[in-house]
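Subject: Structure handover and what was found in it

Dear colleague,

I am handing over the structure below, and I would be grateful if you could look through it before reading on. My notes follow directly after it.

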Amino acid sequence: MAEQTRENRGTMVRVPQELADALDALIPLLQKDHEYAAFGQVTRSDVARLAMSKGIASLRGKYTGGSRKNGG
């Protein structure tokens, strides 16, 4: 599911167990969604990237009055 961008950079983030469980709970839901199913097996990392991208766009919109696709 990971999209190829200009350059993927490794960033390690420790999260509480509750957040890891929430990411895991979203995996089967995304696998059933036709928008993401085409990418094959969805992983916790895929869900975390998607959540960060959407969250960053939301925060950017809130604090700057605009948003850019994919949080970039």
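The protein chain averages a pLDDT of 85, and 82% of the residues score at least 70, where pLDDT is the predictor's confidence in each residue, on a scale from 0 to 100. This is a predicted model, in which local features need a pLDDT of at least 70 and side-chain atom pairs count only at pLDDT 80 or more, whereas totals for chains, interfaces and linings use all residues. Residues are numbered from 1 along each chain as its sequence is written, and side-chain values use heavy atoms, with hydrogens and water left out. Where pLDDT is low, the predicted coordinates should not be read in detail.

To begin with the overall layout, the protein chain has three helices and zero strands, and along the sequence they give the pattern α-α-α; helices (H or I, at least four residues) and strands (E, at least two) are DSSP runs, numbered from the N terminus. Among the elements of the protein chain, helix 1 has the highest mean pLDDT, at 95, and helix 2, which covers residues 34-37, has the lowest, at 84. Of the 72 residues, 17% count as buried, a word that here means under 20% relative accessible area, with exposed meaning over 50% and partly exposed lying in between (1.4 Å probe, protein chains only). The protein chain exposes about 6000 Å², of which carbon and sulfur atoms supply 55%; such areas come from the Shrake-Rupley method with a 1.4 Å probe, and for residues only the protein chains shown count as cover. Among contacts (heavy atoms within 4.5 Å) between residues at least 6 apart in sequence, 28% join residues at least 24 apart.

Turning to the interior, the largest nonpolar core is made up of seven residues, namely Leu23, Ile27, Leu30, Tyr36, Val42, Val47 and Leu50. Such a core is a set of buried Ala, Val, Leu, Ile, Met, Phe, Trp, Tyr and Cys residues joined through side-chain atoms within 4.5 Å. Helix 1 and helix 3 each supply at least two residues of this core, and its largest share, three residues, comes from helix 1. Leaving aside residues up to four places away in sequence, Leu23 touches Arg44, Val47 and Ala48.

Arg44 also appears in one of the two salt bridges that the structure holds, a salt bridge being a side-chain nitrogen of Lys or Arg within 4 Å of a carboxyl oxygen of Asp or Glu. Its partner is Asp24, with the closest N and O atoms 2.6 Å apart; because Asp24 lies in helix 1 and Arg44 in helix 3 (residues 44-64), the pair ties together parts that are 20 residues apart in sequence. Asp24 is partly exposed, at 29% relative accessible area, and Arg44 is partly exposed as well, at 40%. A salt bridge also joins Arg49 and Asp46, at 2.7 Å from N to O, and these two residues, three apart in helix 3, are separated by about one helical turn. Arg49 is partly exposed, with a relative accessibility of 41%, whereas Asp46 counts as buried, at 5%.

On the surface, Val13, Val15 and Leu19 form a nonpolar patch with about 240 Å² of accessible area together. Patches are made of residues with over 30% relative accessible area and no salt bridge, where like charges are joined within 9 Å and nonpolar side chains (Val, Leu, Ile, Met, Phe, Trp, Tyr) within 5 Å. Val15 lies in the segment before helix 1 (17-32) and is partly exposed, at 38%, while Leu19 is found in helix 1 and is partly exposed, at 41%.

Best regards
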